[in-house]
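Student: I've got a model open and I'd like to know what earns each label in it. Can we go through it together?

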Amino acid sequence: MSASLEHTRHTLAHLLAAVVREVYPAALPTIGPSVENGFYYDFDFGATKPSGDEALAKIEEKMRTLLPSWDVFTHKVVTATEARAYFKDNVYKLELIQDIEQSGELITFYTCGNFTDLCRGGHCEHPSKEIAPDSFKLDRVAGAYWRGDEKNPMLTRIYGLAFATKKELDDYLLQREEARKRDHRKIGQELDLFTFSELVGSGLPLWTPRGTLVRHELDRYVWELRAKHGYQRVTIPHITKKNLYETSGHWAKFADELFRIKTREDHEYALKPMNCPHHTQIFARKPHSYREMPQRYAETTVVYRDEQSGELGGLTRVLSITQDDSHVFCRQSQVQEEFFHIWDIVDSFYSTFGFTLRVRLSFHEPSEFEKYLGTPEVWQQAEDALRAIAKERGADYFEAPGEAAMYGPKLDFMATDSMGRNHQVATIQLDMNQPERFDLTCNNEKGEKERIVMIHCAVMGSIERFLAVMLEHLGGVLPLWLAPEQVRILPIADAHHAFASQVYDQLKTAGVRVEVDLSSESLGKKIRAAKMEKIPYTLVIGDQEVATSTATLESRDVAARQPDTKGKIGQLAIDAIISKLTEEIRNRS
Ligand SMILES: [Zn+2]
Ligand SMILES: [Zn+2]
């Protein structure tokens with residue numbers, strides 16, 4: 001967000017508060033920051049809250065009427081006593097004033113029009129000139145606890161949207177509407193992929209047979225891509241003694257996010273929030289000669305992180321996260337080559353779905369070094385190495401201080417989806433700290449112990465998050481190789497059931513995921529149902545087809561590209577259909 005847009009948004013929060021005070025004189029304004037896509041202001045409305053779209057529309061209209069009179073922002077520094085006198089009836093502002101006073105910061109009042117607010121600044125200097133009256137819109141009302149604490153009173157938050165121009169606002173609204181249609185929670189239900197149970201708990205998705213199939217296919221693809229680079233499967237338990245995390249540093253640094261377990265004998269265990277520490281112990285089981293390096297371990301497994309329940313929703317924030325995790329244990333001299341291999345895997349995987357990738361080099365924040373493990377020298381060395389790798393690869397990259405993992409810098413892949421949104425997907429991390437902490441070495445050519453490094457990578461990252469992003473990106477239209485049901489056979493009448501069953505057996509034997517619709521519905525209804533469920537292919541079987549041992553093949557994707565054909569490919573011999581489909585599945589086209 002540019003500074004000026006941020007100022008516009010925050011200025012509009014003031015304007016909103018000014019109007020609310022006019023329409024609801026008893027309302028107490030609290031705080032009103034700018035946020036992504038707009039702004040909000042929290043009010044204590046007391047007995048008369050605004051309700052319904054009409055109330056919002058009225059406030060919005062009054063904001064537009066008032067805006068031309070907001071010529072210039074002025075501010076002044078006031079004493080705590082003056083501030084208290086001005087806000088004597090507003091307990092929230094009084095609390096803020098006390099906090100500012102204690103922090104030793106100056107107390108400032110900002111005024112525009114006839115509205116004055118306690119504020120740190122960050123406004124348009126001349127709102128009436130700088131803000132286009134049609135570039136903002138009040139969006140919705142929500143409840144919010146004062147200062148985000150559920151022990152505090154519930155306030156009423158009014159959200160607004162604001163952009164530099166009306167066009168940008170309209171584009172955003174359109175995109176949001178499209179995103180709502182493509183919400184992965186909605187698609188997941190329509191495609192019957194996952195579910196939640198109140199008894200199990202929120203943030204703990206349960207995967208149906210269809211959803212499990214999709215996960216399995218994705219995982220299999222990643223394994224195929226890894227196969228030629230020498231990865232080996234490993235398996236670890238989901239809990240560990242506290243000692244492992246004390247050595248790795250997670251016990252202290254993961255603090256709140258760690259699910260802790262007490263055994264009956266009072267020993268402390270934890271559910272794993274990541275897999276690396278366990279994997280180091282597989283590497284450490286025996287000495288390794290330099291000839292055996294790198295060792296590449298991979299495992300698709302679930303990690304657990306304790307998130308606040310308020311933050312959970314759909315698949316994007318869950319307590320149980322499935323990672324397609326891998327750890328390469330290698331010599332310093334092997335880092336670049338291993339990075340390039342992983343990079344190739346990531347490129348192949350994401351291009352299959354039509355994502356474009358950008359690379360972010362996530363480095364540490366020097367002013368908060370206490371957040372990280374290791375010494376500044378080790379960090380410098382690791383970050384220089386990553387920068388060199390990105391340059392060597394000729395990648396489109398940018399650097400982001402403060403985005404590193406606690407044990408090392410990362411190379412994050414940012415995917416742009418079909419709606420133009422950016423998501424962080426895969427990450428490759430270079431770690432020189434864990435090998436130090438666990439004393440991991442190999443025996444080099446001179447017979448000496450040599451410190452090794454670790455490379456962490458999860459190609460999908462979290463399968464749950466990847467699926468959410470992928471389902472929304474594709475609008476639920478899964479490619480043939482990934483579709484839980486690849487083909488549906490539609491016999492026109494009962495007389496065609498016997499041949500339909502034969503075709504079903506043939507396809508099944510060929511490894512195609514096929515179902516047959518034996519219901520007594522009309523053909524039109526059966527076709528519509530298959531369309532709704534986004535089945536890639538349908539096979540229609542009637543008199544003609546039975547007589548010639550063929551089926552009429554129709555394609556969902558052809559129908560989308562050339563609507564006049566209704567997706568019809570033609571009446572084909574069953575063998576021809578099988579070889580066409582199996583080839584398409586094999587190629588993941
Ligand atoms: Zn302000
Ligand atoms: Zn790791």
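**Reasoning from the definitions**

Tutor: Sure, and keep in mind that this is a predicted model. Start with helix 8, which lies across strand 15 (295–304), strand 16 (320–330) and strand 23 (453–462), and runs at about 145° to strand 23. Helix 12 lies across strand 16, strand 17, strand 19 (410–416), strand 20 (422–431) and strand 23, at about 5° to strand 23.

Student: What do helix 8 and helix 12 do relative to each other?

Tutor: Their axes come within 10 Å and cross at roughly 140°, and the crossing is right-handed. Tyr-221, Val-222, Leu-225 and Arg-226 of helix 8 make the contact with Ile-345, Ser-348 and Phe-349 of helix 12.

Student: What makes one residue of that contact charged and one polar?

Tutor: Arg counts as charged, and Ser is among the others, so Arg-226 is the charged one and Ser-348 the polar one. The remaining five are nonpolar.

Student: Why are strand 11 (232–233) and strand 18 (397–401) called edge strands?

Tutor: Each pairs on one side only. The eight-stranded open sheet has the order 11-15-16-23-20-19-17-18, with mixed pairing.

Student: How do you know that strand 17 (residues 356–363) and strand 18 pair?

Tutor: Pairing takes at least two bridges, and five join these parallel strands, so they pair. In one of the bridges, Leu-361 has Glu-399 of strand 18 as its partner.

Student: And why is helix 11 (residues 276–283) called mostly covered?

Tutor: Six of its eight residues are buried, among them Cys-276 and Phe-283. Buried means 20 or more other C-beta atoms within 10 Å, so each of those six reaches that count.

Notes. Residues numbered from 1 in each chain as written. Chains lettered and ligands numbered in written order. Predicted model: local features only at pLDDT ≥ 70, side-chain atom pairs only at ≥ 80, totals over all residues. Buried ≥ 20, exposed ≤ 12 C-beta atoms within 10 Å, placed from the backbone. Helix = DSSP H or I, 4+ residues; strand = E, 2+ residues; numbered from the N terminus. Axes fitted to C-alpha atoms, helices over the stretch in contact; angles between N-to-C directions. Left-handed = near helix turned anticlockwise from the far one by under 90°. Contact = placed C-beta atoms within 7 Å.
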